[in-house]
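Biologist: Got a minute to go through this model with me? Let's put it on screen and start with the charged pairs.

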Amino acid sequence: MSTFLQDFSTTTASHTLDLLWPLFLSMEAVRDLDQLESSLNFTELPPSQWADKLLSVFIADSDFDALAREIEVLKPKVRENIFMFSSRDKDAIKRKIISIHFIDSLGLSFYFESEIEETLKHAFQEIDDLIADESDIYTISIMFRVFRTYGHNMSSDVFDRFKGNDGKFKKSSLEDIKGILSLYEAVHYRTTTDHILDEALSLTLDHLESLAIDHKANPPHILKHIQNALYIPQHQKTQVLVAREYLLFYEQEEDHDETLIKLAKLNFKFLQLHYIQELKTITTWWRGLDHTGNLPPGFRERTFESWFVGAMMYFGPQFSLGRIMSAKFFLLLCFLDDACDTYGSILEVESVVDCLERWDTGYMKNLQGHMKTALKFVMYVYKECEEILKSQGRSFVLEKMIEELKIVARTNLDLIKWVRAGQVPNFDEYIEAGGAEVGSYATIACSIMGLGELAKKEDFEWLLSRPKSVRYLARKSRLLDDITDFEEDMNKGYTANALNYYMKQHGVTKEEAIREFHKMIEDIEKVVNEECLQTTNISRPVLMQVVNFGRMVNILYTSDDVYNHREGKLKEYLTTLLVDPIHI
């Protein structure tokens, strides 16, 4: 990481991004906070010095306009090059599907949604004829990924053609590096019945892991592409990170489409301007609040972290307001969680829950200090949401968002009671409650709210019915969170942790429990893939918010606790999204 950062200083970035660079070098290390009055220990994160520098960055409307004009010039060219011809030739149709994969991977699909849907609809109607004589593993794997991405349930039996008479995958399948990598990526679209893809996982994983450490066998950009896939596969990674990584890879491919590359670069520069402006808006708002002026050091300014969560839920420039609203909501959840866990007695937390149930600040008489401040902050943020939703003619959303917050508060109280009473709940009971307490349902609701007019009343009712995909992702969130934070939780004396409860209930070691958790998570991902293919009563944008939640959880908890550790992967991700230059 340090070498990577030093390399950046020798490059030439735009004026706006140059101004951002010093903020990454001036970050303070995370400091230990002395034990608080509470029986628990919490670690302080320093006030964000990144934000101090960011506020000095000036972006003019003309900067947005210039990039928008260039994008509008290129979009018709891409549309003409890829979608305008209507050849019935099978090879031409397959090339078009592969181009859709490039468009999707580069983060450009929202520009061509109708063309993509129309192309795939007609192609899938002829799928049997289209693939009848196709023997290229790369082409088949890409087609499988594209069709399943857009809700077309292409059968995994298509991969039988790559098996020999012995029922095993042919060794010749391993000779095509891009093919084996694309098959590995395709594996992560598997459902509970795609048994052939279970076999393919072991085959591809072993082969790619050996390639990932062989720095001489492949060009650097392919090696990096393999390493990225092994860290988190593309289907399980948030779109904003996929787009940035894939741009670096695709640009170095000899047969890349120059027009597509240029559009992708312009689009990401356009997004960077939006992202910086959004961060300025959120930081200014946070620092201007009456609620944040006299907070103790245990409360954390997490404007960057909260914005990053929003960026993982929405990708395109059209969702700036959604990202800002999501960031504020995440700050709200953190604020309330910190107050209840650190400063609140059980009676005070019960009073908070009572106030929220009544949705009336008149019942705050039992609250003092930071607990009262936290509740006022909740009401302030929701009042802002109410005003925005009223202006959109969507007041019905507020009722749903209030209900989701009440559920978070109730389950938070349950967990606090368990911890402070030394109670050990049943593992399944904890996972069910913990998925809600960690904010899974409320986060998905907030992300649907940020879709604007695309989100209907029926979508929130569907979410409140707790469909299988949503329930399973909430469990996944709790499992991954508790694996990542286990040591920290135990050191704090915070016993409400899935690993802790599972080890005690089943009499197993931490390592054995973690292995079981990863099996559970693997099964969850299969179920979610299956549910997404079978869910037809919900629009694709709404369904994608559920999928994006699962992807966001992967990013937050795959290596370190990204949300709580600024000096780890978070710093790397923000550098990638906000600082690294894009040369056009």
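Modeller: Sure. Lys526 forms a salt bridge with Asp198, with the closest N and O atoms 3.2 Å apart; a salt bridge here is a side-chain nitrogen of Lys or Arg within 4 Å of a carboxyl oxygen of Asp or Glu. The pair links distant parts of the chain, 328 residues apart: Lys526 is in helix α24 (residues 510-534) and Asp198 in helix α10 (residues 195-212). Helices are DSSP runs of H or I, at least four residues, numbered from the N terminus.

Biologist: What are the ground rules here?

Modeller: This is a predicted model, so local features need pLDDT (the predictor's confidence in each residue, from 0 to 100) of at least 70 and side-chain atom pairs count only at pLDDT 80 or more, while totals for chains, interfaces and linings use all residues. Residues are numbered from 1 along each chain as its sequence is written, and side-chain values use heavy atoms, leaving out hydrogens and water.

Biologist: Back to that pair. Is Lys526 buried or exposed?

Modeller: Lys526 is buried, at a relative accessible area of 10%, whereas Asp198 is partly exposed at 26%. Buried means under 20% relative accessible area, exposed over 50%, and partly exposed in between, with a 1.4 Å probe and protein chains only.

Biologist: Which residues are linked with them in a network of salt bridges?

Modeller: The network links Arg190, Asp198, Glu522 and Lys526.

Biologist: And how many salt bridges does the count come to?

Modeller: 30 by this rule. One of the others is Lys383 with Glu386, closest N and O atoms 3.5 Å apart. Those two are three residues apart in helix α17 (residues 369-391), so about one helical turn separates them.

Biologist: Switching topic: what about Lys280, which has no salt bridge?

Modeller: Lys280 is buried, and the nearest side chain of opposite charge, Asp63, is 9.5 Å away; Lys and Arg count as positive, Asp and Glu as negative, with His and the chain ends not counted. Lys280 is found in helix α13 (residues 258-287). Leaving aside residues up to four places away in sequence, Lys280 touches Leu54, Leu55, Val57 and Phe58, where contact means heavy atoms within 4.5 Å.

Biologist: How confident is the predictor overall?

Modeller: The chain's mean pLDDT is 87, and 90% of its residues reach 70 or more. Over residues 1-47, though, pLDDT is below 50; this stretch has 95 contacts in the model beyond near neighbours in sequence.
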